[in-house]
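Reader: I am in my first year and still learning to read structures, so could you take me slowly through one part of this one? I would like to begin with what surrounds one of the bound ligands and then follow the picture outwards from there.

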Amino acid sequence: MNKSNRIKTEKPIPADRAKYANAVYSLVGGKGYKCFVQTFGCQQNEADSERIAGMALEMGYSITNDPNEADLIVVNTCAVREHAEKKALSLIGQYKHCKSNKKELVIAVCGCMPSQQHRADEIKHKYPYVDFTFGTSDLYMLPELLYRRLSGAKRTFVIPEDRPPVVEDIPVVRESNYRAWVSIMYGCNNFCSYCIVPYVRGRERSRHPDAIEAEVRGLIAEGYKDITLLGQNVNSYGRGCDFNCDFADLLERLASIEGDYKLHFMTSHPKDATKKLVDVMARNEHIARQFHLPLQSGSSEILRRMNRGYTAEKYIEILDYIKEKLPDATLSTDIIVAFPGETDEDFEKTLELLSYVKYDMVFSFIYSPRNGTPAATMECVIPDDVKAERMRRLLDLQTEIADSLNAKCLGKTYRVICQGQSKNNAGMLEGRTEGNKILLFASDTAREGDYVNVKVTETHAYALYGEEVK
Ligand code: SAH
Ligand code: SF4
Ligand code: F3S
């Protein structure tokens, strides 16, 4: 990527973070300044936003949910599909009036979108009220960028390095006191032909297992019950590192910690999913019975053109092994509909595979061309009406499958974590099973974060209903 817009000063060393945080504190501390963080995108961005909030607190800001009363707005963006970028840009557009109302307001844009040179340029020229941008691997630079800007420096647009360092010890303010994200690695080396992530998050790098274990132990000691290990491809954890610990080893090491908790992880790439990993899951009760294994397409030819590194047959082989060793696990996947050149036959193969596997949940996306990726220049783009028709057929099939799978839950009792009031069902509490199914129930005593035993009394394709069993 073109680095012409790189920060003009020398690249800061991560250890300077605290020094600059103190420097910002000396400017804003005690003045009642507030920071608003808006997050788009995946769990990794949510995890990053919790660190942005942590640094904001360290710098003397309190956190607000209202952008209108903020003195610092940080928009943490996603670039995975066009829609995600449009949403972020439209929101940034709305913050113009906040700046007109409060001249000293600082607006920063970070995350995956401004790590692309063309988006950094666009923000520079079309959004003059944005003070600075930085990428996901430059989180630790926030205090320095803010300090320089508050001290009168010019606007800066930092494009991340291809091989950034792994930075530990960034303070964190977690959104929840029972669910936590733990990044175990950053970046991606896979270059699936449709995907922007390797370009914006840089090369794959893993945290040291000792640092991960210390974080997870701390969380369990604080009473966290649901801990999700994050990486774009957790199955390649530790590759090329000087420690000898692959993902299955890491999982087993973490699952041996005493306590009442479940470990989840995402995302697992099928090409690197091993039987060893499935075996570790099968023998450790602390690992949730849940497997998210993105398929993308049921056609081996499309998979080849997507550069996924596996065939439909190979995928089925590992999935059959998961079903054999973890028969009670919920299964989920991601599907891209209408990849360039996807024929009716290719699409039928995807439907056949969904019918064969019977996933509990399918996250489906219409293919969105991403600037600079190989697929963006592929020919045979699918017409819009065909895209929509394929998506409709996929959703219809999946609704049918989920409906019949959920019907089997009737009468069973699940231990769920209560996640508070349901947004769509007034008076009901929302729980999540270990396999991440939504289970709605009524209770006078359950509070958010509690474990509750709930017996299923009614089932639908996208939710279960039940009553508390004391
Ligand atoms: N690292 C993860 C997922 C990253 S993005 C993995 O490999 O599975 C999450 C999902 O978004 C992907 O699984 C894919 O289904 C979808 N996605 C990624 N790029 C896309 C694009 N250009 N158009 C449509 N969907 C896309
Ligand atoms: Fe994107 Fe593929 Fe990497 Fe997932 S594995 S982040 S889909 S390039
Ligand atoms: Fe989006 Fe970046 Fe995550 S592109 S999906 S926020 S890795």
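Author: Sorted by class, the shell around ligand 2 is made up of seven nonpolar residues, three polar residues and one charged residue. In this predicted model, the residues that form this shell are C188, N190, F191, C192, Y194, C195, V197, P198, Q232, H269 and R308.

Two of the names in that list, V197 and Q232, return when we turn to ligand 3, whose surroundings consist of G41, C42, N45, C78, A79, V80, C112, V197, R201 and Q232. The shell around ligand 3 divides into six nonpolar, three polar and one charged residues. Where does ligand 3 lie with respect to domain 1 and domain 2? Because domain 1, which covers 4-159, and domain 2, which covers 179-407, both contribute residues to its shell, ligand 3 lies between them.

From the ligands we can move to the nonpolar cores, of which the largest has 72 residues, and within it I184, V216, L229, F247, L251, F291 and Y359 touch the most other members. If we follow I184 and set aside its neighbours within four places in sequence, we find it in contact with S206, R207, I212, L229, L230, V234, Y237, F247 and L250. Apart from this core there is a second, separate one of 26 residues, and V37, F132, L142 and V158 are among its members.

The backbone also deserves a careful look, and here we can go through a few loops in turn. The peptide bond that leads from M266 to T267 is cis, with an omega near 5°, and T267 itself sits in the loop that runs between β11 (262-266) and α10 (275-282).

Further along, N307 has a positive phi of about 60° even though it is not a glycine, and its place is in the loop between α11 (300-305) and α12 (312-325). Is N307 buried, partly exposed or exposed? With a relative accessible area of 42%, N307 counts as partly exposed.

K358 likewise is not a glycine and yet has a positive phi of about 60°, and it belongs to the loop that joins α13 (344-357) and β14 (361-366). With a relative accessible area of 40%, K358 is partly exposed.

Conventions. Residues numbered from 1 in each chain as written. Chains lettered and ligands numbered in written order. Predicted model: local features only at pLDDT ≥ 70, side-chain atom pairs only at ≥ 80, totals over all residues. Heavy atoms only, no water. Near = heavy atom within 4 Å. Nonpolar A, V, L, I, M, F, W, Y, C, P; charged D, E, K, R; others polar. Domains from an automatic or database assignment. Helix = DSSP H or I, 4+ residues; strand = E, 2+ residues; numbered from the N terminus. Buried < 20%, exposed > 50% of the residue type's maximum accessible area, 1.4 Å probe, protein only. Core = buried A, V, L, I, M, F, W, Y, C linked by side-chain atoms within 4.5 Å. Contact = heavy atoms within 4.5 Å.
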